[in-house]
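Biologist: I have a protein with a bound ligand on my screen. Can we go through the binding site and the pockets?

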Amino acid sequence: EKNGYAHFMLKEIYEQPRAVRDTLRGRISAASGHIELPGLDLSHDEIVHAERILIASCGTSWHAGLVGKFLLERMVRIPVEVDYASEFRYRRPIMRSRDIGLLISQSGETADTLAAQLEMIAGDIPTLSICNVVDAALTRKARGSITTNAGPEIGVASTKAFTAQIAALLTLSLYFAQCRKTMPQEAVQSILRELEVLPKAMEEALRTSAPVCARLAKIFSNATDVLFLGRGIHYPIALEGALKLKEISYIHAEGYPAGEMKHGPNALIDETLPVVCLATKDGDDPDSVLKYEKTLSNIQEVTARGGRVIAIVVEGDTAVSSLVEHTITIPRASEALLPILETVPLQLLAYFIAVEKGCDVDQPRNLAKSVTVE
Ligand code: M6R
């Protein structure tokens, strides 16, 4: 039941700290630096000699796959390809013996994702699943799996399953990085320490961003179009923010890489267009800082044309707030953990806007929770 929340979606948004904690529980130990993924069922040799990871998934799970690509390529230095599961088989994908297939799905019953898995099995590569349902069709056919322990997700809009998928992908990336020695153990351990307190930071993000998002929803619920911008690992979160909004509020929304604006979408900007910008940074990470600085100039391009910017920033940021109309603050974190934290306000923004518009939040029109046809 809804436990006093107005909708399942809101309840599930608030369950995320617990969902992430349960997904990490028993798998990581910051004190010992140990990571355990017994369900993976891959030999040390298979992990060490893997040459590529092929990810296929749909919708929100596809966005998690894109985050996974950034994490795996950065931490493990292994090439990763991410496909929409519905497209995978139609490009006659090239599979080689040292590839590993990775399917991501909340339900584990999505027809397109199952079809992509069959294609991988036919291509003779091992498949892994990241799935929220223990005995789903996907997990049964997979050689190995990581269960996200988010608990049943009722709202059609996926929320807690998404952040739990990213937590699972972080664990997988760190585990591979350890096996392949692509990160110093101290760096692994430092992220493990941060992961252990991540649920607390998520609680903080919920607490501080909810009232701001509720207020912004009143201002922006009449918008007909909304853009979401992000760079690097934040770009898939921009896509996810746009999907959440369009799915439950029926407002046209698009996610774009911030740097692509000048190649076309800038033409859309006028004083009626809300632009949500992911402008977070990890001050200790030069790549993250560089990305942030570039995003700042993208924000200036939007404000110069009258666009109405809502920026997601980390605590203590003053550079962005002096440039834009609205900011939403989340706790500081390492770059790899920021996607989980910045997802929270985007979900809340979509939720409050949909409520403001009187939409059926848990059961949006034309959509099913689990898509069992191709
Ligand atoms: O169960 P799955 O994760 O395989 O579902 C994939 C998509 O159908 C799903 O994420 C969909 O995009 C959500 N409604 C988005 O909120």
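What follows is a short exchange about the ligand and the pockets of this predicted model.

Biologist: Which residues come nearest to the ligand?

Modeller: The ligand has 14 residues around it. By class, that shell holds 4 nonpolar, 8 polar and 2 charged residues. The ones that come nearest are Ser-61, Ser-105, Ser-107, Thr-110 and Glu-247.

Biologist: Which residue has a side-chain N or O atom 2.5 Å from an oxygen atom of the ligand?

Modeller: Take the polar contacts in turn, with a cut-off of 3.5 Å between N or O atoms. Gln-106 uses a backbone N or O atom, 2.7 Å from a ligand oxygen. Ser-107 uses its side chain, also with an N or O atom 2.7 Å from an oxygen of the ligand. The side-chain atom at 2.5 Å belongs to Thr-110.

Biologist: How much of the ligand does the protein bury?

Modeller: Start with the ligand taken alone. It then exposes 420 Å². Of that area, the protein buries 90%.

Biologist: Which pocket does the ligand take up, and which elements give two or more residues to its shell?

Modeller: The ligand fills space in the second largest pocket. Two or more residues of the shell come from each of two helices, H4 (59-76) and H10 (235-249).

Biologist: What is the volume of that second largest pocket, and which residues are closest to its centre?

Modeller: The second largest pocket has a volume of about 550 Å³. Its lining counts 26 residues. By class, they are 9 nonpolar, 12 polar and 5 charged. Closest to the centre are Cys-58, Gly-59, Thr-60, Lys-369 and Val-371.

Biologist: Which elements give two or more residues to the lining of the second largest pocket?

Modeller: Helices and a strand both take part. The strand is E5 (99-105). The helices are H4, H5 (85-88), H6 (111-122) and H10.

Biologist: Now the largest pocket. Which residues lie nearest its centre?

Modeller: The largest pocket holds about 650 Å³ of space. Its lining has 31 residues, by class 12 nonpolar, 6 polar and 13 charged. Nearest the centre lie Asp-282, Asp-285, Ser-334, Glu-335 and Ala-336.

Biologist: Which element gives the largest share of the lining of the largest pocket?

Modeller: Three helices give two or more residues to this lining: H4, H9 (185-220) and H11 (286-304). The largest share is 5 residues, and it comes from H4.

How values were computed. Residues numbered from 1 in each chain as written. Predicted model: local features only at pLDDT ≥ 70, side-chain atom pairs only at ≥ 80, totals over all residues. Heavy atoms only, no water. Near = heavy atom within 4 Å. Polar contact = N/O pair within 3.5 Å; in protein donor to acceptor, adjacent residues only side chain to side chain. Areas by Shrake-Rupley, 256 points an atom, 1.4 Å probe, with all protein chains shown as cover. 1 Å grid on protein atoms, 1.4 Å probe; cavity = no way out; pocket = protein on both sides within 12 Å on 5 of 7 lines; lining within 4 Å. Sits in = over half its atoms within 2 Å of the grid points. Helix = DSSP H or I, 4+ residues; strand = E, 2+ residues; numbered from the N terminus. Nonpolar A, V, L, I, M, F, W, Y, C, P; charged D, E, K, R; others polar. Points joined across faces, edges and corners; volume = space filled by probe spheres on them.
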